[in-house]
Amino acid sequence: MATSNVLELAAGPAKDKLIDAPMPAFLTKIILDKFKELHIFDDSAHGAPNHCLVNEYQPGQGIMPHEDGPAYFPITATISLAAHTVLNIYKKNEQGEREAAPIWRILQEPRSLLLTTGSMYKDTLHGISDLEQDTDLQSGSIANWQLLGDKSSFENGTADRQTRVSLTYRDVLKVAKIGSALKFMSKK
Ligand SMILES: O=C(O)CCC(=O)C(=O)O
């Protein structure tokens, strides 16, 4: 699968631990205030996100189905910029394996915010197919069709992928100060 280009800010979790570093202002200004206003991270370990993953997807690029896992407080806030995408949500079968077909498709509009929490966070996987065009965009197949801000771009049921940037904010549970992180990273 063709995957996105990824930039991790602040320093990414190593062995599930985040090395404490401030996020750059362009990722916090306005956005963190908006999160506060919406009470998104009120109950999380640090009361605010401490980590942001920046992904850039060219048309034809996606991300393999995966779970975000226990290193983070179980809420993810994803802002889509510049273009839409379709996020596929997969359930697990009784053996805990991912089912082949997605159970839901979520259309993420440019400038939209998607929150993943509760059983969606814990019990499902998510991924983006490596397509140049999304098809079958209509109320019967898009789970959030009624919530879309502007359906006009999708009215003929297809939409070409354009370069999309996503900002994925999370609260990493374990945070290490730089001194202790260096010790911790040198341990095998
Ligand atoms: O770019 C996106 O919208 C999805 C990113 C994602 O699934 C992840 O960072 O775990």
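Two strands are taken to pair if DSSP finds at least two bridges between them, and strands themselves are DSSP runs (E, at least two residues), numbered from the N terminus. The structure is a predicted model, in which local features need pLDDT of at least 70, side-chain atom pairs count only at pLDDT 80 or more, and totals for chains, interfaces and linings use all residues. Residues are numbered from 1 along each chain as its sequence is written, and side-chain values use heavy atoms, with hydrogens and water left out.

With that in hand, the sheet can be introduced. Strand β6 (residues 85–91) runs antiparallel to β7 and is joined to it by five bridges; within this pair, leucine 87 has isoleucine 106 of β7 as its bridge partner. Both strands belong to an open, antiparallel sheet of four strands, ordered β4-β9-β6-β7. Its edges are β4 and β7 (104–108), each of which pairs on one side only.

We turn next to the ligand. It is surrounded by 13 residues (a heavy atom within 4 Å), and the closest are Tyr57, His66, Arg164, Ser166 and Arg170. Polar contacts (N or O atoms within 3.5 Å) help to fill in the picture. Oxygen atoms of the ligand lie 2.5 Å from a polar side-chain atom of tyrosine 57, 2.6 Å from one of serine 166 and 2.9 Å from a side-chain N or O atom of arginine 164. Two or more shell residues come from each of β3 (51–57), β4 (63–66), β9 (124–128) and β12 (164–170), with β12 giving the most, four residues.

Conventions
A polar contact is a pair of N or O atoms within 3.5 Å; within protein, one must be able to donate a hydrogen and the other to accept it, and residues adjacent in sequence count only if both atoms are side-chain atoms.
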